[in-house]
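Hi,

Here is the structure I promised to pass on. Have a look at it first, and then read my notes below.

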Amino acid sequence: MADSFGKKEREKKRQKRKKEKAERKKRRKEEGVKSEEFMYLDEDGNLTSTPPDPTRKKKKIDPSTIEISIPKKEDVEFDPIRQGKVKFFNTEKGYGFIIDKETQESYYVHAESLESPIDAYDIVSFEISEGPKGLRAINVKLVK
């Protein structure tokens, strides 16, 4: 069966690349250019072809200053009462969402955790607690 035009073209390109590669190899051999066979790591962590100077003094590192794990989080006091804007609230179904003013996080709010009636785009103050499906807003009050 005869080869298609595309197959013939691919084969020609493959042969051409093979020939060019052989020519480059031959040129490098004639010029005497050698690639680096061995690399060294300098004190900054960079690869280099020159070996390190043994007369040069090495930096002394105190092992006690090296932190292997993530440093402990400092205790930062924050106000448990947060402020935000009501993104959406459906009075018929009794739920909605509040966007925190500082973090721009969205929190679920249920009608039973309202201390005063709210509507969409109202500015409210609230606290955050763990709900059955994640964080939720409780003690929601309308800010005046």
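Let's start with valine 86. Leaving out residues up to four places away in sequence, Val86 touches Phe97, Ile98, Ile118, Asp119, Ala120, Tyr121, Asp122 and Val124, where a contact means heavy atoms within 4.5 Å.

Before going further, a word on the source: this is a predicted model, in which local features need pLDDT of at least 70 and side-chain atom pairs count only at pLDDT 80 or more, while totals for chains, interfaces and linings use all residues. Residues are numbered from 1 along each chain as its sequence is written, and side-chain values use heavy atoms, with hydrogens and water left out.

**The core**

Which residues make up the largest nonpolar core? There are ten: Val86, Phe89, Ile98, Tyr107, Val109, Ile118, Val124, Phe126, Ala137 and Val140. At least two of these core residues come from each of β3 (82–90), β5 (106–110), β6 (123–131) and β7 (134–142). By nonpolar core I mean a set of buried Ala, Val, Leu, Ile, Met, Phe, Trp, Tyr and Cys residues joined through side-chain atoms within 4.5 Å. Buried is under 20% relative accessible area, exposed is over 50%, and partly exposed is in between (1.4 Å probe, protein chains only). In soluble globular proteins, nonpolar side chains tend to be buried together.

**The strands**

Strands are DSSP runs (E, at least two residues), numbered from the N terminus, and two of them pair if DSSP finds at least two bridges between them. β3 and β4 are antiparallel, with six bridges, and Gly84 stands opposite Asp100 in β4. These two strands form a hairpin with four residues between them, and Gly94 in the turn has a positive phi of about 80 degrees.

β4 also pairs with β5, again antiparallel, over five bridges. Here Ile98 stands opposite Tyr107 in β5. The hairpin of β4 and β5 has five residues between the strands. Gln104 sits in that loop and has a positive phi near 65 degrees, although it is not a glycine. Is Gln104 buried or exposed? With a relative accessible area of 56%, it is exposed.

β4 (residues 95–100) has two faces: Gly96, Ile98 and Asp100 are on the covered one, and Tyr95, Phe97 and Ile99 on the uncovered one. In a regular strand the side chains alternate between the two faces of the sheet.

**The rings**

How many aromatic pairs does a search of the whole structure find? It finds six. Rings of Phe, Tyr and Trp (its six-membered ring) pair if their centres lie within 6.5 Å; planes under 30 degrees apart are stacked, over 60 edge-to-face, and the rest tilted. In one pair, Phe38 and Tyr40 have ring centres 5.0 Å apart and planes at 75 degrees, so they are edge-to-face. Phe38 is exposed at 54%, whereas Tyr40 is partly exposed at 27%.

Tyr95 and Phe97 are edge-to-face too, because their planes are at 90 degrees, with centres 6.4 Å apart. Tyr95 is partly exposed at 26%, and so is Phe97 at 30%. Ring pairs also link Phe88, Tyr95, Phe97 and Tyr108 into a cluster.

**Two more residues**

Ser125 lies in β6 and is buried at 13%. Its contacts beyond four places in sequence are Ile81, Arg82, Gln83, Asn139, Val140, Lys141 and Val143. Asn139, in β7, is partly exposed at 30% and has a positive phi near 50 degrees, another value found in a residue other than glycine.

Cheers
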